[in-house]
Amino acid sequence: MNQSLRHLFNAVIALFVVLAISTTAIMTFASNSLNSDSRNIRALYHEFGAPRGLIVASDGTVLARSDPSNDAFSYQRVYPNGATYAPITGFFSIAQRADRGIEASRNSLLSGENDSLWLSKLKATFTGEANQGATIETSIDAKLQTLAMQLLGDGGYNGAIVAMEPSTGRILAMASTPSYDPNTLAKHSTKEASQAYQQLATADGNPMLNHATNELYSPGSTFKIITAAAALESGKYHTDSVVPAGATFTLPGTQTQITNSSVAANGTNGSMTLQQAFVTSSNTAFAQIGIALGADAMSKQAQQLGFGSTIVIDGSPASNNAIEATASKFPSNASPDRLGLAAFGQGDVTETPLLNAMITSAVANGGTMMQPTLVDRVRASDLSVISQTSPSVFSHPFSEQTAQSLNQMMQAMIKEETPQLQIAGISVAGKTGTAQIGDGNSYNAWITGFAPADNPKIVVSVMVHDVTSYGFQVAGPMMQRIMQEALKQ
């Protein structure tokens, strides 16, 4: 009998141990996924039963707020000017919960459940009041964001614009079109919210995709900044070095001929200086420069400038909800013919508009590329600062001397090739790009630049997808308008 009791006792103890381990595992490892599961009705009512925190622009403009509602869910998420800020905010829905943007990357803070808000939660427990979520203060400039979205939207363009502060990495505007209205997804009807999501998910132009961070495009001649940087860093080239050009260049091992878009880009007697090749955007010159430098040097320079890396804009790399930019691509071990194409932004090289802006920022910032950020600070409901973002370095891709030479060439490009993009009394540096796509009759129209060139305050990169005009014609005036607005503030 005693032996049977001991076996029973041991079995009971074993079951308690298993129960304790499984309960601990659920509470420790699975709690976040269970809480965020849309089927968890208790968690859903808990989230909607408290005022979710504000998301605001740098000037205090409200991008997202929670208003009291007269239904089973105590608060309604509201997005004033929703489509303008959707690439920044993302949305909060009873069907998908916190999805995309700041809503997802800062969800625990906005919901008031983050450990850093323990004091607020304690006060709410004793007072019986709803636990107020934290306020997220973004770096977004409301005027620049509105202008950027208008410039793209008024033309009905599919595209993206990124404006940054080169010395800090703060994102001042991040426009993506077509956009969407998060209010349609924030409705308290699960059926209506789900239907809205399905409609947007299948809509032309993929409006819920942030084209600035998560779409890859052929960068065209804006990539010549990288090829020029690799050339200067090699020590074999200077701005006045004579390089081969020509009206045509046949890619090695092929019958494919590279041509230029202007006679000036052909050079004189088949050659020109590196600066002239940059200013006239000579494809034949840059294809030959890239091949001469070799795949290793080109790939190394591209990697130092962020190619091949997923870039975290907000949140932690370990977080499933972090705002990330898709890794831009540069071909590894490229054959000479593919390398020649990549050297002027065609072929196998693709890039996000965000990385394009970051690379230009490295030039403007003397050879230091800053980590891009979207949140300046987080405040508790009593306005105390919970966290504040400090600038951090992403990489040192090239020397200050190389940056100065690139700055010089980019200024010359604006003055000599596109003088209509100058700003009175302000020096502007830039590089245009027109990448052929599809059958060659459509383009990705690009421009990237900074101003004032002698003391850079703002970097702007513009990409307009699938148009029939060149980068300086479509994207150029947009960059100019945004710079003018930023520098008059």
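This passage describes helix packing, a pocket, a cavity and some backbone details in a predicted model.

Residues are numbered from 1 along each chain as its sequence is written, and because the model is predicted, local features need pLDDT of at least 70, side-chain atom pairs count only at pLDDT 80 or more, and totals for chains, interfaces and linings use all residues. Side-chain values use heavy atoms, with hydrogens and water left out.

A good place to start is the helix packing. Two packed helices are described by the angle between their axes and the distance between the axes. Helices (DSSP runs of H or I, at least four residues) and strands (runs of E, at least two) are numbered from the N terminus. Axes are lines fitted to C-alpha atoms, for helices over the stretch in contact, and angles run from 0 to 180 degrees between N-to-C directions.

Helix 9 (224-233) takes part in two of the packings described here, with helix 12 and with helix 15. The axes of helix 9 and helix 12 (residues 295-304) lie 9 Å apart, at an angle of about 115 degrees. That makes helix 9 roughly perpendicular to helix 12; angles under 35 degrees count as roughly parallel, over 145 as roughly antiparallel, 65 to 115 as roughly perpendicular and the rest as oblique. The crossing of these two helices is right-handed. A crossing is called right-handed if the near helix is turned clockwise from the far one by less than a right angle, and left-handed if anticlockwise. On the helix 9 side, the contact (heavy atoms within 4.5 Å) involves I226, T227, A229, A230 and E233, which meet A297, M298, Q301 and A302 of helix 12. By class, this contact has six nonpolar, two polar and one charged residues. Here Ala, Val, Leu, Ile, Met, Phe, Trp, Tyr, Cys and Pro count as nonpolar, Asp, Glu, Lys and Arg as charged, and the others, Gly among them, as polar.

With helix 15 (400-417), helix 9 packs at about 135 degrees, the axes being 10 Å apart. That makes helix 9 oblique to helix 15. This crossing, too, is right-handed. Helix 9 contributes I225, A228, A229, L232 and E233, while helix 15 brings T402, S405, L406, M409 and M410. The contact divides into seven nonpolar, two polar and one charged residues.

Elsewhere, helix 7 (residues 142-154) and helix 16 (residues 471-488) have axes that come within 10 Å and cross at roughly 160 degrees. That makes helix 7 roughly antiparallel to helix 16. The crossing is right-handed. K143, L144, L147, A148, L151 and L152 of helix 7 touch M478, R481, I482, E485 and A486 of helix 16. This contact has eight nonpolar and three charged residues, with no polar ones.

Attention now turns to the open and enclosed spaces. On a 1 Å grid over the protein atoms alone, a cavity is a set of points where a 1.4 Å probe fits but cannot get out, whereas a pocket is an open set with protein on both sides within 12 Å along at least five of seven lines; lining residues have an atom within 4 Å of a point. Grid points are joined across faces, edges and corners, and a volume is the space filled by probe spheres set on the points.

The second largest pocket holds about 660 Å³ of space. Its lining comprises 27 residues, and S221, S261, N283, T434 and Y470 are the closest to its centre. Strand 11 (257-259), helix 15 and strand 19 (429-437) each supply at least two lining residues, with the largest share, five residues, coming from strand 19. The lining has 16 polar, eight nonpolar and three charged residues.

Two cavities of 30 Å³ or more are present in the structure. The second largest has about 30 Å³ of space, and is lined by T222, F223, I225, I226, E351, N356, I359, T360 and T448. Helix 14 (353-364) and helix 9 each provide at least two of these residues, and helix 14 gives the largest share, three residues. The lining has four nonpolar, four polar and one charged residues.

Finally, some backbone details are worth a look. Most residues other than glycine have a negative phi, and most peptide bonds are trans. The T177 to P178 peptide bond is cis, with omega near 0 degrees, and P178 sits in the loop between strand 8 (171-177) and helix 8 (190-201). A451 and P452 are also joined by a cis peptide bond, with omega about -20 degrees; P452 lies in the loop between strand 20 (442-451) and strand 21 (458-467). N81 has a positive phi, near 50 degrees, and is found in the loop between strand 3 (75-78) and helix 3 (82-89).
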